[in-house]
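Got the viewer open? Load the model, switch on cartoon plus sticks, and keep the selection box handy for a walk through pockets, a cavity and some helix pairs.

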Amino acid sequence: MKDLSDKTLGIIHASHITIKAMEPYIRKYIPDVQIMHLCDDTIQRDNIRAGAGVIPKVNYYKFAQYAHNLEEAGVDLILLACSTFNYAAELGRPLVDTPIAQIDRPMMEKAVRTGRRIGLLATLETTVPASERLLDIAAAEAGVQIERKTVLCSEAFEEYSRGNIEKHNEILVRAIDQLAEEVDCIVMAQLSMSALAPYLKDTKVPVYNSGETGFARVREMLEAMQ
């Protein structure tokens, strides 16, 4: 692997939850990279208040502002760590010169290369429309037709928010076992769900999380800048 100690990654978070969730993947994939976190919990709060499928326009503005702030700080790559308003990455690209990555995109691209029946597992209702859209975009770009099977486990997110990670994992493992009977692979819609990865060694179908796929892509992008 190339030495990336001269590279800086700026990460925009819509909730502090994702900062802790990504720590293992930062250590695994980009331990030599300097990290700058920008977190605004009001983004996630307002996304949830607006309801599924609705993103307050002000949140897109906030993302553009934070991307500009990180560019001024001299980062080499900007990563959007939120799944719910992943569209912000697309809107932000024309506004800054610094490359922008989105945490879920590599996972979706991998899924549509794996099979045609894809399970989407989410724990937050507001994330579902954005994740379904991103999966459809990945399929269209790959030139394939897919069938989506979406499962929402809201109770798992409630347990995660309370710090009950073990209960969160139990709920999702059961859901994955059931969903695996109907699909060719499964994507986990939120970064927080990546905590489940160690418990998914013997699943019936591949289960992808954005922690592993997202940070593997980040490393590739930073290495390509050398």
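Start at the second largest pocket, which holds about 200 Å³ of space. A pocket here is an open set of points on a 1 Å grid over the protein atoms alone, with protein on both sides within 12 Å along at least five of seven lines, and lining residues have an atom within 4 Å of a point. Its volume is the space filled by probe spheres set on the points, with grid points joined across faces, edges and corners. This is a predicted model, in which local features need pLDDT of at least 70 and side-chain atom pairs count only at pLDDT 80 or more, while totals for chains, interfaces and linings use all residues. Residues are numbered from 1 along each chain as its sequence is written, and side-chain values use heavy atoms, with hydrogens and water left out.

Select Tyr29, Lys110, Ala197, Leu200, Lys201, Val207, Tyr208, Asn209, Glu212 and Thr213 to see the lining of this second largest pocket. Strand β8 (207-208) and helix α9 each supply at least two of those residues; helices (H or I, at least four residues) and strands (E, at least two) are DSSP runs, numbered from the N terminus. Colour the lining by class and you get 5 nonpolar, 2 polar and 3 charged residues. For that colouring, Ala, Val, Leu, Ile, Met, Phe, Trp, Tyr, Cys and Pro count as nonpolar, Asp, Glu, Lys and Arg as charged, and the others, Gly among them, as polar.

Stay with α9 and bring in α5. Helix α5 (residues 105-114) packs against helix α9 (residues 210-224) at an angle of about 105 degrees, with the axes 7 Å apart. Axes are lines fitted to C-alpha atoms, for helices over the stretch in contact, and angles run from 0 to 180 degrees between N-to-C directions. That angle makes α5 roughly perpendicular to α9. (Under 35 degrees counts as roughly parallel, over 145 as roughly antiparallel, 65 to 115 as roughly perpendicular and the rest as oblique.) Show Pro106, Met107, Glu109 and Lys110 of α5 with Ser210, Thr213, Gly214 and Arg217 of α9 to see the contact, where contact means heavy atoms within 4.5 Å.

Now pick α5 together with helix α6 (residues 127-142): their axes come within 9 Å and cross at roughly 55 degrees. So α5 is oblique to α6. The crossing is right-handed; a crossing gets that name if the near helix is turned clockwise from the far one by less than a right angle, and left-handed if anticlockwise. By class, this contact has 9 nonpolar, 1 polar and 3 charged residues.

Next stop, the largest pocket, with about 280 Å³ of space. Which helix gives the most to its lining? Helix α1 (residues 17-29) does, with 5 residues. Among the lining residues to select are His16, Ile17, Lys20, Tyr25, Tyr160, Ile165 and Pro198. The whole lining divides into 8 nonpolar, 3 polar and 1 charged residues.

Tyr160 and Ile165 also lead to the next helix pair. Helix α7 (residues 154-161) and helix α8 (residues 165-179) pack at about 165 degrees, with axes 7 Å apart, and are therefore roughly antiparallel to each other. α7 passes α8 in a left-handed crossing. Select Glu155, Ala156, Phe157, Glu159 and Tyr160 in α7 and Ile165, Lys167, His168, Ile171 and Leu172 in α8 to see them meet.

Then look inside: there is 1 cavity of 30 Å³ or more, a cavity being a set of grid points where a 1.4 Å probe fits but cannot get out. About 150 Å³ of space lies in the largest cavity. Of its 15 lining residues, Thr18, Gln44, Leu124, Gln190 and Ser192 are the closest to the centre. Its lining has 7 nonpolar, 8 polar and no charged residues.

Finish at Ile55, in the loop between α2 (41-50) and α3 (57-73). Leaving aside neighbours within four places in sequence, Ile55 is in contact with Asn47, Tyr60, Thr84 and Phe85. For a distance check, pick Ile55 and Tyr87: they are 32 residues apart in sequence and 9.6 Å apart in space, C-alpha to C-alpha.
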